[in-house]
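Here are some exercises on helices and chain contacts, each with a worked solution. Keep the structure open beside you and try each task before reading on.

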Amino acid sequence: MYVAVKGGEAAIRNAHSLLADRRRGDRSVPALRLDQIVEQLALGVDRVMSEGSLYDLELAALAIVQARGDMIEAIFLVRAYRTTLPRFGYSNPIDTGAMLVERRVSATYKDLPGGQLLGPTFDYTHRLLDPELAAGANVAAPLRRETEAQAMPRVSAILAREGLIEPDGEMPQDHVPGDITREPLEFPMARDIRLQALSRGDEGFLLALGYSTQRGYARNHPFVGEIRIGEVELELDVPELPFAAPLGTVRVTECQMVNQFKGSAKAPPQFTRGYGLVFGQSERKAMAMALCDRALRASELGEDIIAAAQDEEFVISHSDNVQATGFVEHLKLPHYVDFQAELDLVRRMRAEYEARKNPAKVDEKREAAE
Amino acid sequence: MRGQEARDQAERKAAMATLAQSSGDDIVRLWNEAGLPSQAELLRGPETGLVTLRGRIGGGGAPFNVGEATVTRATVRLPSGQVGHCYALGRDKQKAKLAAIADALWQDPARRTEVETRLIGPLRSALATAQEKRRAETAATKVDFFTMVRGED
């Protein structure tokens, strides 16, 4: 029998001070400053903002240091911090067409208005480790090309002219965008709610699911219509001002995936679309999100649901890495009582099993005991 | 709305946008250089909260919630009575307070030119320079396609 106990306060306290020590590491090595992380580990900061679902560069950098570089722990910290703040409201929808573009590529159109702008990309690098970087070499300023500012319409607007691509996703006129931070998840869910969940979803999980669609599990023939990264202005309607309050700019990544679709009972042959929109420079995540968004539209488009990536409840219920890590990691917390009960149960089952298998032996034992 | 009123609102909004996009350090530096008055009664804040950022499905479709952003706001009243507001991304409370005072001063016809020339103007040109630099750096990564000539001769 198990008797309730308590204890561990001193052990926990000491473990946390040991954690603080190990986090700081060798004191002869200079401590990291948050601005160093914001500037030099920028994509890690962006991932923490996007999956932590909070746009704040310094807080994300602090979370990364505090978590010793454990990204999911950092995301967890940011999510927890969010709950301490009041909510001022919902912004007006951002206009990605008016973005100050830092990167913009299309795999479907070579010559598109505004052109292909590679920006600060890892693409076409040789993936060779750079010893000069290790030695702390100076980095030259980037080249500039003076040009007239050019309008950069979204590629979807160009394709739309031919009528061969579905329009941007519409919802019924009186539809109020759902908010998973206010209401519990319910299935089936509308596309707007799915997109909110996907935007904060785990990059690795969505990447694997997106990859699975490419490998044939719910194949949907994707092309990158466009990826654009850059800053957009944010505005908030407030009662005290006669116009929307300008809040400043945020960097986002948008991916327009275009998918060939041979048609179904519900929709004619055309190009369908998947959409990704993520905080910061998070191209892989935006692409994975767009692949998953498209796969999850299976029932809307009259496709058979045959693969994991199309299963809304499976994808959305398991895409949140804070929930996932909470449930997986809780297993290491004391389960002494549960286990004691299970142990007792398994002992009894084993005894019954032995008795069935070898009745004579048990009888012998019983006789001997008597 | 009359034309003048609409123009005023557009200019006020543009000034607020410039303040929201500028760093707190730049605002403080220019504020001190210009010797702008900073006495004002705080009516609200400065306080930090969240704004949920919305996007549109497919870029131009129905709105959906993307995630939240930290925003700091402040509301002030000047001794002369003007009430100013600030909403700005981030958690810089001093910036929010100064930007709210700047908004209030901007509404005072006797002060507007001073605020525009000593504070908003320099901030705006610094932002424009930074934006132009970014645009030019990005433009240098633009792909120029060349048609390949078949090498038969």
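**Exercise 1: Two packed helices in chain A**

In this predicted model, helix α4 (residues 57-66) of chain A packs against helix α5 (residues 71-82) of chain A at an angle of about 130°, with the axes 8 Å apart. Classify the packing of α4(A) and α5(A), and find the residues that meet.

*Solution.*
- Step 1: Angles over 145 degrees count as roughly antiparallel and 65 to 115 as roughly perpendicular, with oblique for the rest outside the parallel range under 35. The angle of about 130° therefore makes α4(A) oblique to α5(A).
- Step 2: Now the handedness: α4(A) passes α5(A) in a right-handed crossing.
- Step 3: From α4(A) come A:L59, A:A60, A:A63, A:I64 and A:Q66, and they meet A:A74, A:L77, A:V78 and A:Y81 of α5(A).
- Step 4: Sorted by class, this contact has eight nonpolar residues, one polar residue and no charged ones.

**Exercise 2: Checking the length of a helix**

Does the span of helix α13 (residues 336-357) of chain A agree or disagree with 1.5 Å a residue?

*Solution.*
- Step 1: The expected span is 1.5 Å times one less than the number of residues. For the 22 residues of α13(A), the expected span is therefore 32 Å.
- Step 2: The end C-alpha atoms of α13(A) are 31 Å apart, which agrees.
- Step 3: As for its surroundings, α13(A) is hardly covered, with a count of zero buried residues.

**Exercise 3: A covered helix in chain B**

How many of the 14 residues of α3(B) are buried, and what covers them?

*Solution.*
- Step 1: Start with the length again: helix α3 (residues 93-106) of chain B should span 20 Å, and its end C-alpha atoms are 20 Å apart, which agrees.
- Step 2: Twelve of the 14 residues are buried, so α3(B) is mostly covered. Among them are B:L98, B:I101 and B:W106.
- Step 3: The cover includes α1 (3-21), α2 (24-34), β1 (41-56), β2 (63-77), β3 (83-89) and α4 (112-139) of chain B.
- Step 4: Look at one of these partners: α3(B) and α4(B) pack at about 135°, with axes 7 Å apart, which makes α3(B) oblique to α4(B).
- Step 5: B:A102, B:L105 and B:W106 of α3(B) make this contact with B:R112, B:V115 and B:L119 of α4(B). By class, that gives five nonpolar, no polar and one charged.

**Exercise 4: Where the chains touch**

Which element of chain A gives the most to the side that touches chain B?

*Solution.*
- Step 1: The contact takes 67 residues from chain A and 48 residues from chain B.
- Step 2: β5(A) gives the most to the chain A side, with eight residues.
- Step 3: That side has 31 nonpolar, 18 polar and 18 charged residues.

Technical notes: Residues are numbered from 1 along each chain as its sequence is written. Chains are lettered from A and ligands numbered from 1 in the order in which they are written. This is a predicted model: local features need pLDDT of at least 70, side-chain atom pairs count only at pLDDT 80 or more; totals for chains, interfaces and linings use all residues. Helices (H or I, at least four residues) and strands (E, at least two) are DSSP runs, numbered from the N terminus. A residue is buried if 20 or more other C-beta atoms lie within 10 Å of its own, exposed if 12 or fewer, and partly exposed in between; C-beta atoms are placed from the backbone. Axes are lines fitted to C-alpha atoms, for helices over the stretch in contact, and angles run from 0 to 180 degrees between N-to-C directions. A crossing is left-handed if the near helix is turned anticlockwise from the far one by less than a right angle, and right-handed if clockwise. Two residues are in contact if their C-beta atoms, placed from the backbone, lie within 7 Å. Ala, Val, Leu, Ile, Met, Phe, Trp, Tyr, Cys and Pro count as nonpolar, Asp, Glu, Lys and Arg as charged, and the others, Gly among them, as polar.
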